[in-house]
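Please examine the structure below, with attention to its open space and to its aromatic side chains.

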Amino acid sequence: MKKKWISVLLCTAMVASMAVGCGGGGNSAGSSDAKTEDGGQVLEVAAFEGGYGAEMWTEVAEAFEASHEGVTVELTVDKKIEDVISPDMKAGDYPDVVHCATGREAGLTETLTKEKGLMELTEVLDMTVPGEDVAVKDKVLPGFLDTLGTNPYGDGVTYYAPMFYSPCGLFYNAGLLKEKGWEVPTTWDEMWELGDKAKAEGISLFTYPTPGYFDAFMFALMESAGGMDFFNDAMTYKDGVWESEEGTAVMELVAKLADYTEPTTVANANDDNFTKNQQLILDNKAIFCPNGTWLPGEMADAPRAEGFEWGFTAIPAVADGEKPSSYTFFEQMWIPAEAKNPDLAKEWVAYMYSDEAAEIFAKSNAVQPVEGAADSLDEESQLYYHVYDNDAAIAVMGRFAATDPVEGVSIDDSLFKAVNSIMSGDKTVEEWQADVEAASDKLRDAMQ
């Protein structure tokens with residue numbers, strides 16, 4: 001499989017600080033390892049329960065215990081893991097390992113990053129994968145260790161271990177397009193043409209779960225609108241970037257989508273009702289919905305139109321002659337600086353890249369960024385991971401550069417959450433542009 005990975009020195013923007021106590025940075029850690037009554041080691045692991053479910057974490061913990069005599073894994077898995085572990089962390093009681101991605105509303109990972117409360121993982125990359133004879137860094141796919149998505153301070157030091165990657169793009173009912181004889185667009189001119197055909201038959205071109213899903217969507221648009229130079233400028237808050245020709249093109253394109261978006265979308269684009277928007281493509285009321293590879297599993301039990309068949313495509317290119325782009329989302333695992341059992345925690349992180357662990361995760365369609373991890377998926381799931389085959393689409397990774405907190409400023413809120421107001425007509429492109437540029441200006445000097 002040929003993949004074109006773009007290594008982007010980017011990361012999630014730092015959100016406002018939470019009241020979470022953090023220790024010093026670097027490799028500092030708690031001085032005493034937790035022990036069982038018989039003298040064995042205890043490893044406290046906290047993990048976010050996403051769309052892949054909790055069962056895989058139980059199985060991988062049991063496998064780790066089986067391969068590490070005398071080790072007991074105390075596992076905490078929850079859909080709101082931040083709410084579960086934060087009270088103890090405030091009191092100075094930290095888990096040994098945490099799986100919690102950047103970009104979540106609670107901002108726990110960003111907060112500890114800002115407070116230098118994470119342990120360095122660079123030496124983990126040189127460790128031998130438990131049970132194998134290969135170094136961790138040689139198991140991870142190219143590109144995942146070269147961004148601020150793993151090296152948040154831009155100093156070449158890894159603090160986040162990449163987990164569970166997912167190409168993001170547009171999902172659709174392939175059965176509907178086959179029935180209608182419609183081609184999958186690769187340019188936005190073709191998208192608008194398809195939108196007009198669909199509108200004539202009472203079908204909308206587009207819907208979206210919540211405005212937060214516009215991060216992956218717009219990151220792909222940014223790269224295709226202006227290439228890596230524009231993308232890097234936007235992610236590092238360069239002066240005037242959102243008033244540029246490329247920035248204007250991206251925002252105007254999103255605004256134009258308002259004319260092609262299913263009318264009930266905005267009302268349901270929230271955490272309570274987002275599945276109603278996802279249901280629109282299963283009911284043939286809308287064609288495309290931006291999302292990640294977890295969507296089919298999330299909607300596995302939902303009703304669907306006769307002949308429904310999942311389809312997936314990259315985001316059409318903005319600039320003429322460019323390739324479509326697909327943002328690659330990946331989650332993160334990290335070790336708090338105050339972990340009680342840091343050595344065993346590092347062993348756990350290294351184990352995440354073993355063939356044994358990857359196979360356990362893959363059974364739940366959670367794909368580790370290691371070669372061949374997607375090969376065991378069913379044919380439908382493999383479709384999404386082949387989006388980059390034969391250099392057909394550009395893979396984009398990373399997010400906004402880290403900053404110190406700036407009171408009242410969130411680039412994610414200004415750029416993505418404002419999309420509902422653009423779609424409803426409550427905000428103009430010019431107002432949106434000015435808001436994002438203002439937020440970018442304030443964050444530029446606060447970059448870490």
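**Aromatic contacts and the largest pocket**

In this predicted model, the charged end of K199 lies over the ring of Y260, at 4.7 Å from the ring centre. Y260 also belongs to an aromatic cluster, together with W188, W192, F206, Y208, F214 and F217. A second charge placed over a ring is that of R104, whose charged end is 4.1 Å from the centre of the F48 ring.

R104 leads on to the largest pocket, which holds about 1700 Å³ of space. Its lining comprises 50 residues, and those closest to the pocket centre are G103, R104, E105, Y213 and D271. Two or more lining residues come from each of α2 (81-90), α8 (214-235), β8 (286-291), β10 (325-334) and α16 (411-417). Of these elements, α16 contributes the most, with 4 residues. By character, the lining consists of 21 nonpolar, 12 polar and 17 charged residues.

The model contains 32 aromatic pairs in total. One of them joins Y153 and Y159 in an edge-to-face arrangement, with 5.1 Å between centres and 85° between planes. Y153 is buried, at a relative accessible area of 15%, and Y159 is buried as well, at 6%.

The rings of Y165 and Y385 have planes at 85° and centres 5.1 Å apart, so this pair is edge-to-face. Y165 is in strand β5 (residues 161-167) and Y385 is in helix α15 (residues 379-385), so the pair ties together parts 220 residues apart in sequence. Both partners are buried: Y165 has a relative accessibility of 4%, and Y385 has one of 3%.

Terms used. Residues numbered from 1 in each chain as written. Predicted model: local features only at pLDDT ≥ 70, side-chain atom pairs only at ≥ 80, totals over all residues. Heavy atoms only, no water. 1 Å grid on protein atoms, 1.4 Å probe; cavity = no way out; pocket = protein on both sides within 12 Å on 5 of 7 lines; lining within 4 Å. Points joined across faces, edges and corners; volume = space filled by probe spheres on them. Nonpolar A, V, L, I, M, F, W, Y, C, P; charged D, E, K, R; others polar. Phe/Tyr/Trp six-rings, centres within 6.5 Å; stacked < 30°, edge-to-face > 60°. Buried < 20%, exposed > 50% of the residue type's maximum accessible area, 1.4 Å probe, protein only. Lys NZ or Arg CZ within 6 Å of the ring centre and 35° of its normal.
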